[in-house]
Amino acid sequence: MTDARQTPDTATGRAGPVAGRPAPTSQSHRASSPGRRRSLRRPWVGLLFVAPMLLLFLAFRFLPVVGAVLLSLTDYRLSGRWDFVAVDNYTRLLQDGLFHQALVVTLTYTAVFVPLTVLLSLGTAVLLHQVVWGRGFFRGVFFLPYVTSIVLAAVIWKWIYDAQDGLINAVLGLVSIGPVDFLAESGLVLPSIAVTSAWKGFGYSMLILLAGLQAVPRSYLEAAMIDGAGTWQRFRYITLPQLRPVLFFVLVIETIGAFQVFDAMYVMTGGGPVRSSYSLVYFLYDSGFKYFDFGYASAIGLVLFAIVLVVSLVQRRLVGRDD
Amino acid sequence: MVNLLERPRAQDTAPPPRTESRPAARLTLPTLLTLTAIVTIVPFAAMVLVAFAPPSGQTFPDALDPTRFTSENFSRVLSSSDIPRWTINSLLYSLVSVVFVLLFAAMAGYAFAKKRFPGREIMFWAFLATLMVPFQATLIPSYILVSRLDWVDSYWGLIVPTLANSQSVFLLRQFISQLPDELFEAAEIDGAPEWRIFTQIVLPLIRPALATLGIFVFLWHWNDFLWPLVIGQSGEMQTLTVGLATLQTQAVPINQIMAGATITVVPSLLVFGLLQRYLTDSIAMSGLKA
C-alpha cells in the first residue's frame, strides 16, 4: 500500500533488467553450463517461485487498476447496482465546485510544501556536508521525525498550533502577541500543515541530497578554489549544477507526495475551515466513504494518477536532457 | 546500485575544502546546525513533557516542572481507550506483513534474477509499472474487492492486499542478481532441490538486504493510515495509528492524547535507535522511501 511513492530507480528511469545482470556477451558461455540448461528445461521452477507474489499482484494491484477505469465509467453505488454512464463522472467533475476547490487547495499546498521541504533538506544537507565532527549525530536528529507517522506529526503539531494552550501561542503570549489560531484561518492553514509535513519528511530528501553532495568530485571544487572562487561561487557554479539530477529527483518525489496529501489534513483540520484544507485525496475519500459514490471517487483517483504521471514524465524529460 | 551491504566509508566523504578560518565563520556552522536540531527535537520533547505533566492544570508551565511528573495520563488513556487492542492489531499488521513480504519478494526476486521462464520480462516490467500508480488512485476498487471477499474489518483485508509490494521485489531482484551464478549452478549439479537452494543458499546470502527491507516494511505498515482507516472500521480492528487519530477527534484531554502518541512512537524509536545507520545508508544508496 506504500508503493505510491516511487524509488528513485523507477522515477528516474534508471531501473531495468540491465543493472546487475551479466552482459549479453556472456550468453554463449553461460548457455553451456549445466545449471542454465536445467533452468531452461524446467521453466516452471521460476514460475513457481514468482507465483505467490504474482497472484497477489494480479489480484490487488492490476485488478484494482482495471477496476478503477471501469468503475469510473459507471455509477456504482453501495448496493452494488450500477449503470454504464460513459464519461458522465468526468464531465461532472469538471463542473463540480468541490473538485475545483480540492484542486486549488492541493496545488496551493504543493506550491508551499515543495519549496519549503526542498530548501530545508538542501540547507541541512549542505550544513551536514560541511561539518567536521558530529555529522552522524545531527543526521540522526534530522532523520528522526521521518521514522514516525504523519498522523503522529499531525497530532503533535495540532497541539503546537492550538490557540488556547498550544506551544507557539504560549511563546507568542510571552511577548504579548496573539493568540493566533493557525488552523482556523483560511490563509494560514495550508502553510501550517505544510510546515508539519516538511518537519516530518525532510530527513529523507536530506539524505538523498547529502549523498549527492558527497558525489561531487573534490577536484572540481579545489580547481575552482585555486581560480579564486568564493564559497558561494563554488556552490552556485560547481556544486549546484552537479547536484541537478539529484535535486530534480527530490523535487519530483516531494511533488508527487504533496499531491497525495490527506493524513495531516484529516487529523489536523478535517478539511476546514470551510474546506480551505480540503485536498484531492480528501475529496476522493469523502466521495467514496462518506457518500459511497464509488464511480465518482474512482474518476477522482484516475485524475490523481494522471497528475502524478505527468509530473513523473516531465521530470524524466528534464533529467533525460542532462545525460 | 542497490548494494545494501556496502556503506560509505568516512574517508571517501571528506568535506569540501575549507577556506574560511575566521572565527565567526567557524562558529556559524555548528550554531546553525544546533539550532535546527533543537527545532527538530522540540515537538518530540514537548509531546513527552505534556504526556508526563499533571492531568489537571495548565499545560505550561506545569509540563516543565520535573517534580510534578506523573504517569497518570498513561494509565488513564490505557484504561479509557482501546490502546492495548490497537497495539496488538498494529503489531500483527506490521510483523505478519514483514514476514510474508520478505518471503514472497525474495522468491520472486530470485526467480526474476536467476531463473528463465516464459513471460519473465513482461511480468517484471508490469511489476515496475505499478510503482507509478498512486495507492489512492486504486483505493476504491481495492476496497470493493476486499468487501466482495467479505474481508472488511478483518486481518485478512488489512494484511493480504498490502503484501503485493513491488519495491521489495525490485530491490531483492537487484540484490540477488549481484550474486555469482556459479553458486547456484554448483548446487544444481549436486542435485540439490530448488527449495533447498533457495532456503540454504539464497536466503542466508541476502540476509543484510532482508534486514534493511524488513525495517522499511515494518515502518510502512506501522505508520500506515489510509488503508487501515478504510478497512478497520470497528474500534476493535483499528491500528494504533488510526486509533491515535480517533482519540484526537474525541474529547480526550491533551495530556492523554500525548501519552497515547508517546506509546505509538516507541516502536519506531526503537527501530531508529537500533538500526539508524542501516536505514540512513540504504536510503542514500537505494532511495528506499518509507
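**Exercise 1. Secondary structure of the two chains**

Which pattern does chain B follow when read along the sequence? Determine also the number of helices and strands in each chain of this predicted model.

*Solution.*
Step 1. Reading along the sequence, one finds that chain B follows the pattern α-α-α-α-α-α-α-α-α-α-α-α-α.
Step 2. The corresponding count for chain B is 13 helices and 0 strands.
Step 3. For chain A, the assignment gives 15 helices and 0 strands.

**Exercise 2. Burial and contact range**

State what percentage of each chain is buried, and how the contacts are distributed in sequence separation.

*Solution.*
Step 1. In chain A, 47% of the 323 residues count as buried; in chain B, buried residues make up 47% of 290.
Step 2. Consider contacts between residues at least 6 apart in sequence. In chain A, 70% of these join residues at least 24 apart.
Step 3. In chain B, 76% of the contacts with a separation of 6 or more are between residues 24 or more positions apart.

**Exercise 3. A helix pair in chain A**

Describe the packing of helix α6 (residues 97–130) of chain A against helix α12 (residues 231–259) of chain A.

*Solution.*
Step 1. The geometry comes to an angle of about 145°, with the axes 9 Å apart. The crossing of α6(A) and α12(A) is right-handed.
Step 2. The α6(A) side of the contact includes T106(A), Y109(A), T110(A), F113(A), V114(A) and T117(A). On α12(A), the partners are V250(A), L251(A), E254(A), T255(A), A258(A) and F259(A).
Step 3. The spacing of such positions can be read against a general rule: an α-helix has 3.6 residues a turn, so residues three or four places apart point the same way.
Step 4. Sorted by class, the contact of α6(A) with α12(A) has 8 nonpolar, 5 polar and 1 charged residues.

**Exercise 4. The interface between the chains**

How many residues of chain A are in contact with chain B, and which helix of chain A gives the most to that side?

*Solution.*
Step 1. The contact involves 102 residues of chain A and 99 residues of chain B.
Step 2. Helix α4 (residues 43–71) of chain A gives the most to the chain A side, with 19 residues.
Step 3. By class, the chain A side divides into 67 nonpolar, 23 polar and 12 charged residues.

**Exercise 5. Domains of chain B**

Give the division of chain B into domains and characterise the contact between them.

*Solution.*
Step 1. Domain 1 covers 19–70 and domain 2 covers 82–286.
Step 2. Their C-alpha centres lie 34 Å apart.
Step 3. In the contact, 7 residues of domain 1 of chain B meet 7 residues of domain 2 of chain B. The domain 1 side has 6 nonpolar, 1 polar and no charged residues.

**Exercise 6. The nonpolar core and an enclosed helix**

Identify the residues with the most contacts inside the largest nonpolar core, and explain why helix α12 (residues 240–249) of chain B is described as largely enclosed.

*Solution.*
Step 1. The largest nonpolar core has 174 residues, and those with the most contacts inside it are M53(A), I300(A), L304(A) and A108(B).
Step 2. Helix α3 (residues 83–114) of chain B supplies the largest share of this core, 15 residues. Domain 1 (19–70) and domain 2 (82–286) of chain B each contribute at least three residues.
Step 3. Leaving aside neighbours within four places in sequence, I300(A) is in contact with L93(A), L280(A), F283(A), L284(A) and S287(A).
Step 4. Because 8 of the 10 residues of α12(B) are buried, this helix is largely enclosed by the rest of the structure. Among them are L240(B), V242(B), L244(B) and Q248(B).

Notes: Residues are numbered from 1 along each chain as its sequence is written. Chains are lettered from A and ligands numbered from 1 in the order in which they are written. This is a predicted model: local features need pLDDT of at least 70, side-chain atom pairs count only at pLDDT 80 or more; totals for chains, interfaces and linings use all residues. Domain bounds come from an automatic or database domain assignment. Two residues are in contact if their C-beta atoms, placed from the backbone, lie within 7 Å. Ala, Val, Leu, Ile, Met, Phe, Trp, Tyr, Cys and Pro count as nonpolar, Asp, Glu, Lys and Arg as charged, and the others, Gly among them, as polar. A nonpolar core is a set of buried Ala, Val, Leu, Ile, Met, Phe, Trp, Tyr and Cys residues joined through C-beta atoms within 7 Å. A residue is buried if 20 or more other C-beta atoms lie within 10 Å of its own, exposed if 12 or fewer, and partly exposed in between; C-beta atoms are placed from the backbone. Helices (H or I, at least four residues) and strands (E, at least two) are DSSP runs, numbered from the N terminus. Axes are lines fitted to C-alpha atoms, for helices over the stretch in contact, and angles run from 0 to 180 degrees between N-to-C directions. A crossing is left-handed if the near helix is turned anticlockwise from the far one by less than a right angle, and right-handed if clockwise.
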